[in-house]
Amino acid sequence: MSNSSDGRFDEMDIELLRCVESDFDVSLDTLSQQLDLSKSAVHYRLNKLKDAGVIRSVTADLDPLAFGLDMVALTEVSVTHEQGYSETIGTDLADVKGVEQVYYTMGDVDFVVVSRVQDRSQMNAVIEEMVAIDGVNETSSRFVMDEVTSGADVVDNLPDAARSKLVEE
């Protein structure tokens, strides 16, 4: 069974997570049959994984295109390096409406921001709000022409070597 203190899992944990990651609404009966476990064992394992913070939340997976949110930009953000800037500016960037993800990076830029909006005027407003954040010096954006992949599942995308490190022997 998963051990929250060392982040290791057994094969059954990985299989259970693979099943629920693609469809958390799957019934205990179905999981029980797929995994050859009792419903109570499945329920127990799911609760342990929730308590350990492995399963962070149960949410609806909404299609952004259903809301007309088909304009995506990747924006590189360079900032002034003052104490605590990575948390402060990162939080400010994440608070901008239209921003989906913020990554603090090492290299030529400090942050990479993924934004999603309906049109150019909304994207312009998002970028203007980013530039207005105290400490932001410069932005450079790239606009996505086509989304090849989206919403990658963690378990299905685990390289074999990573899976081996996670699974107890």
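## How far to trust the model

pLDDT is the predictor's confidence in each residue, from 0 to 100. That matters here, since what you are looking at is a predicted model. Over residues 1-5, pLDDT stays under 50, and for that stretch the model has 14 contacts beyond four places in sequence. Where pLDDT is low, the predicted coordinates should not be read in detail.

The rest of the picture starts with the chain average: the mean pLDDT of the protein chain is 88, and 93% of its residues reach 70 or more. Among the elements, β3 has the highest mean pLDDT, at 97, while helix α6 (residues 160-166) has the lowest, at 81.

## The sheet

Now for the strands. Four of them make up an open sheet, in the order β2-β3-β1-β4, and the pairing is antiparallel. β2 and β4 are the edge strands, each pairing on one side only. On average, neighbouring strands are turned by 20° against each other, direction ignored.

Strand β1 (residues 71-79) is a good place to begin tracing. Seven bridges tie β1 to strand β3 (residues 111-117), and seven bridges also join β1 to strand β4 (residues 136-143). You can follow this at L74, which stands opposite V114 in β3 and opposite R142 in β4. As for T75, its bridge partner in β4 is S141.

## Two helices on the sheet

Helix α4 (residues 85-94) packs on the sheet, where α4 touches β1, β2, β3 and β4. The direction of α4 makes about 165° with that of β2.

Helix α5 (120-131) packs on the sheet too, touching β1, β2, β3 and β4. For α5, the angle with the direction of β3 is about 150°.

## The nonpolar cores

In soluble globular proteins, nonpolar side chains tend to be buried together. Here the largest nonpolar core has 17 residues. The members that touch the most others are V77, V79, I89, L93, F111 and M130. β1, α4, β3 and α5 are the elements that give two or more residues to this core, and α5 gives the most, with four.

Take M130 as a sample. Leaving out residues up to four places away in sequence, M130 touches T75, V77, L93, V99, V113, S115 and V136. Apart from this core lies another, made of 15 residues, including V26, L31, V42 and V167.

## An aromatic trio

A pair of aromatic rings is described by the distance of the centres and the angle of the planes. With ring centres required to lie within 6.5 Å, the count comes to two aromatic pairs. The rings of Y85 and Y104 have centres 6.0 Å apart and planes at 75°, so this pair is edge-to-face. Y85 sits in helix α4 and Y104 in strand β2 (residues 99-104), so to speak a link between distant parts of the chain, 19 residues apart. The other pair joins Y104 and F111: the centres are 5.6 Å apart, the planes are at 50°, and the pair is tilted.

Together, Y85, Y104 and F111 form one aromatic cluster. Which of these rings are buried, and which partly exposed? Y85 has a relative accessible area of 17%, so Y85 is buried. F111 is buried as well, with a relative accessible area of 1%. Y104, at 43% relative accessibility, counts as partly exposed.

Key: Residues are numbered from 1 along each chain as its sequence is written. This is a predicted model: local features need pLDDT of at least 70, side-chain atom pairs count only at pLDDT 80 or more; totals for chains, interfaces and linings use all residues. Side-chain values use heavy atoms; hydrogens and water are left out. Rings of Phe, Tyr and Trp (its six-membered ring) pair if their centres lie within 6.5 Å; planes under 30 degrees apart count as stacked, over 60 as edge-to-face and the rest as tilted. Buried means under 20% relative accessible area, exposed over 50%, partly exposed in between (1.4 Å probe, protein chains only). Two strands pair if DSSP finds at least two bridges between them. A nonpolar core is a set of buried Ala, Val, Leu, Ile, Met, Phe, Trp, Tyr and Cys residues joined through side-chain atoms within 4.5 Å. Contact means heavy atoms within 4.5 Å. Axes are lines fitted to C-alpha atoms, for helices over the stretch in contact, and angles run from 0 to 180 degrees between N-to-C directions.
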